[in-house]
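Me: I am new to this structure and would like to know the reasons behind the words used for it. Could you walk me through a few of them?

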Amino acid sequence: VPLLPYVLLGLASTVMSQEPDAEEEWAAVERRGAHLVTGAAERPFIIHGFNTYWLMSFAADEATRPRVTAAIAEAAGAGLNVCRTWAFADGGYHALQTAPFCYDEEVFQALDFVVSEARRYKMRLILSLCNNWEDYGGKAQYVRWGKEAGVDLTSDDDFFSDPTLKGYYKAFVEAVLSRINTITNEAYKDDPTILAWELINEPRCPSDPSGDTLQAWIEEMASYVKSIDTMHLVEIGIEGYYGPSTPELLLVNPDDYSGHVGTDFIRNHQAMGIDLASVHIYSDTWLPDSTEESHVQFVNTWMQQHIDDAANLLAMPIVIGEFGLSLKDGKFENEFRETFMQTVYNNFLGSWESGMIGGGCLLWQLFPEGAEHMDDGYAVIFAKSPSTFNLLANHSRKLEC
């Protein structure tokens with residue numbers, strides 16, 4: 001174990017030496033049907049990624065900014081190539097959006113740093129633009145802003161339907177997509193470092209289980225993003241629950257409630273402007289009383305159904321935007337967490353190797369040393385788990401074959 005940090009330093013220095021220069025192609029990732037490609041030669045691009053949602057927040061503080069570089073460098077050292085992180089912070093501490101139409105320049109410069117560091121280590125980014133949950137503000141903060149402005153609102157779900165709140169969101173989207181990076185001097189909408197925009201993390205609209213309200217919002221906002229940025233891919237950020245449009249698939253959901261939260265995997269992804277089919281996997285919370293074998297079986301069933309549907313019904317790549325297993329309550333040990341991770345990777349790998357579908361998987365979540373206080377039970381810290389580092393590095397090698 002003591003050797004691992006030195007291994008990481010060696011790998012990171014190798015990645016550093018691969019930094020793109022003026023003569024090296026650093027082209028956007030594009031969609032070709034159910035697959036992703038990059039460059040003039042249209043080389044296949046497979047997402048082998050991770051989540052570290054707090055990068056912008058850490059970059060906004062000089063004391064914690066080195067953790068941003070460490071997180072990206074360590075991931076690159078394991079062969080990971082995509083990071084999903086928040087490009088929003090609505091109100092509160094280190095807010096990017098301090099109020100509707102008002103943005104903190106210092107925090108924007110922190111996001112600039114995240115994007116520039118990602119490029120330096122050849123790491124692509126999936127940038128999420130809002131949160132369904134209250135962490136970092138999210139739709140609840142938009143509703144509070146609306147009420148403060150005198151708008152008659154009754155629920156956080158009004159975020160998806162009220163014209164004023166939709167105007168706030170669109171203004172924020174335009175500010176981010178049109179941002180000129182103060183380090184690279186490149187507009188975000190023109191930067192190939194960004195792989196995709198995510199409309200909102202894990203949206204739900206349980207006040208309208210028919211799904212009509214959220215569907216209309218997805219269609220409007222996907223179109224709006226594309227009207228500003230024609231280069232980048234767009235994904236929704238949903239968890240993947242089947243809804244009313246496919247009643248025969250409701251039994252695939254982890255529970256009955258999942259089919260009534262206003263999301264609809266098939267219908268949502270049929271919206272114009274959506275390029276990637278997003279799915280999350282949290283069997284540890286979705287199936288709280290199940291055995292380890294039941295968790296593996298659920299992952300197999302959940303993934304294969306979504307892979308089949310993404311390939312055959314939607315004809316788009318699939319992105320397992322979050323998957324993980326918490327060690328917080330002691331129910332699971334790291335050995336089973338690695339079994340869980342390997343199950344996810346094997347399911348995707350089998351479909352990819354058969355030529356069925358592209359896309360990839362993003363682990364929730366990867367932390368460098370020194371950020372343990374942010375651990376929600378899911379954090380993987382390479383320096384403390386060399387076997388997990390090896391698992392991820394091995395998956396990287398398989399994707400290169």
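Reply: Happy to! A residue is called buried when its relative accessible area is under 20%. Keep in mind that this is a predicted model.

Me: With that in hand, why is tryptophan 302 called buried?

Reply: Tryptophan 302 has a relative accessible area of 0%, and buried means under 20%, so the word applies. Tyrosine 242 also counts as buried, because its relative accessibility is 0%.

Me: What makes the pair of tyrosine 242 and tryptophan 302 edge-to-face?

Reply: Two rings pair if their centres lie within 6.5 Å, and planes over 60 degrees apart count as edge-to-face. The centres of tyrosine 242 and tryptophan 302 are 6.4 Å apart and their planes stand at 80°, so both conditions are met. Tyrosine 242 lies in the loop between β10 and α8, while tryptophan 302 belongs to helix α10, so the pair ties together parts 60 residues apart in sequence.

Me: And why is the pair of tyrosine 241 and tryptophan 286 called tilted?

Reply: Here the centres are 5.4 Å apart and the planes make an angle of 55°. Stacked needs under 30 degrees and edge-to-face over 60, so the angle falls among the rest, which count as tilted. This pair, too, links distant parts of the chain: tyrosine 241 is in the loop between β10 and α8, and tryptophan 286 is in helix α9, 45 residues apart. Tyrosine 241 is buried at 2% relative accessible area, and tryptophan 286 is buried at 12%.

Me: How many aromatic pairs does a search of the whole structure find?

Reply: The search finds 29 aromatic pairs. Ring pairs also join Tyr142, Trp145, Phe159, Phe160, Tyr169 and Trp217 into a cluster.

Me: How do you know that the charged end of arginine 124 sits over the ring of tryptophan 26?

Reply: One condition is that CZ of Arg is within 6 Å of the ring centre, and another is that it lies within 35 degrees of the ring normal. The charged end of arginine 124 is 4.0 Å from the centre of the tryptophan 26 ring, and it is listed as sitting over that ring. Arginine 65 likewise lies over the face of phenylalanine 113, 4.3 Å from the ring centre.

Me: Back to α10: what covers its buried residues?

Reply: The buried residues of α10 include His295, Phe298, Trp302 and His306. Among the elements covering the buried residues are β1, α8, β11, α9, β12 and α11.

Methods. Residues numbered from 1 in each chain as written. Predicted model: local features only at pLDDT ≥ 70, side-chain atom pairs only at ≥ 80, totals over all residues. Heavy atoms only, no water. Phe/Tyr/Trp six-rings, centres within 6.5 Å; stacked < 30°, edge-to-face > 60°. Helix = DSSP H or I, 4+ residues; strand = E, 2+ residues; numbered from the N terminus. Buried < 20%, exposed > 50% of the residue type's maximum accessible area, 1.4 Å probe, protein only. Contact = heavy atoms within 4.5 Å.
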